[in-house]
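Please open the model in your viewer and keep the sequence panel at hand. The stops below are meant to be followed in order, with a selection to make at each one.

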Amino acid sequence: MARESLRIGEVELRALEDGIFTTAAGNLLGDDSLRARIRGALQPVLAVTAEHIVLLDAGFGPEIPPGLKESYTLRRERSLPQSLREAGYEPEDVTHIVLSHLDPDHAGWALQERHFPNATVYLQRAALEEAAGMPAGHPRREVAASARHAAEEDWAVLLEGDVQIVPGVRVEVRPGHAAGHQIVWIESGGEAALFTGDLAPSNIFLNPDLISSADTDPEAARRNRAEILSEAERRRLPVFLYHEPTLAVARILRTEKGGFKGVPFEG
Ligand SMILES: [Zn+2]
């Protein structure tokens, strides 16, 4: 079993789970001609600081949204709330939820309805605005409507740029996969770890030359991916890979071809 928890200074980090989805590769890469099936984990991260309990991304929610039911199947041993309970916390304990962006496989439990009744949800205003402007039927557009509703009710906060959410948890805007896509730095006691959201969510996406038309700005995605992975490699940081089924926490290495790969993080 790959490593799924570690401590960064005073912050306890643990990869939770919300199931494994299967879909045609084309649905992830934005190329309908790709029929090969691909598996992706849903691995939100729990960050427990001295005073706060923070979730980084929030799985698919109780079920796959109607618009994706045809193209995605979901297999679950445990849902995000069940996985959280196994880690020793109740949904009521969560104080902050950070959303990398508004794809339904990242925002599900946070916004469909209020499954974490005491948590405030943090997303970038730019992510909301881009998602709200998607064509009718686009999965992000529905999530944007929920996010706007949550913001109006004051349980979601629309961020405008890089900010510290709580001591030890900082977001940095790294767009490309979506406008306002944010990654999360965990920093405490001189150590750091990184949650990449969908900037580099699994081993296949560690290749900076992979161009996915599922990214709304592929060139920005490619540039940001290369910069962040270079930094992670240089600093030997633990990196949480949201969609990689067997490698929740990776160390990033360079490949001979000038790309990157993830290997189990040994500490
Ligand atoms: Zn994703």
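Bear in mind throughout that this is a predicted model. Begin with a cartoon view and look for the open sheet of 7 strands, in which the order is S1-S2-S5-S6-S8-S9-S10 and the pairing is mixed. To find its limits, select residues 5-8, which form strand S1, and residues 156-159, which form strand S10; these are the edge strands, each of them pairing on one side only. If you then turn the view along the sheet, neighbouring strands are rotated against each other by 20 degrees on average, with direction ignored.

Within this sheet, select residues 11-15 (strand S2) together with residues 45-48 (strand S5), which run antiparallel and are joined by 4 bridges. One pair to pick out here is alanine 15 with valine 45, the latter being the bridge partner in S5.

Next, select residues 169-173, strand S12, where glutamate 172 is found. Is this glutamate buried or exposed? Glutamate 172 counts as buried, because its relative accessibility is 14%, and the cut-off for that class is under 20%. Showing side chains brings up a polar contact of 2.6 Å between glutamate 172 and tryptophan 185. Leaving aside residues up to four places away in sequence, glutamate 172 touches Asp162, His181, Gln182, Ile183 and Trp185.

From there, move to strand S13, residues 182-188, which pairs with S14 in the antiparallel sense over 5 bridges. The hairpin of S13 and S14 has 2 residues between the strands, and glycine 189 in this hairpin takes a positive phi near 60 degrees. Now colour strand S14, residues 191-195, by accessibility: the strand is mostly covered, with 4 of its 5 residues buried. Phenylalanine 195 in S14 is the bridge partner of valine 184, and phenylalanine 195 also stands opposite phenylalanine 240 in S15. Strand S15, residues 238-240, pairs with S14 in the parallel sense over 2 bridges.

Finish at the zinc ion, and display the side chains around it. Which protein atoms are its donors? They are the OD atom of Asp105, NE2 of His106, two OD entries from Asp198, and NE2 of His243, lying 2.1 to 2.7 Å from the zinc ion. Along the chain, the donors follow the spacing D-H-x91-D-x44-H. As a last check, compute accessibility for the first two residues of that pattern: aspartate 105 counts as buried because its relative accessibility is 11%, and histidine 106 counts as buried because its value is 0%.

Conventions: Residues numbered from 1 in each chain as written. Predicted model: local features only at pLDDT ≥ 70, side-chain atom pairs only at ≥ 80, totals over all residues. Heavy atoms only, no water. Donors = N, O, S within 2.8 Å, 3.2 Å for Na, K, Ca; no water. Buried < 20%, exposed > 50% of the residue type's maximum accessible area, 1.4 Å probe, protein only. Pairing = 2+ DSSP bridges. Axes fitted to C-alpha atoms, helices over the stretch in contact; angles between N-to-C directions. Polar contact = N/O pair within 3.5 Å; in protein donor to acceptor, adjacent residues only side chain to side chain. Contact = heavy atoms within 4.5 Å.
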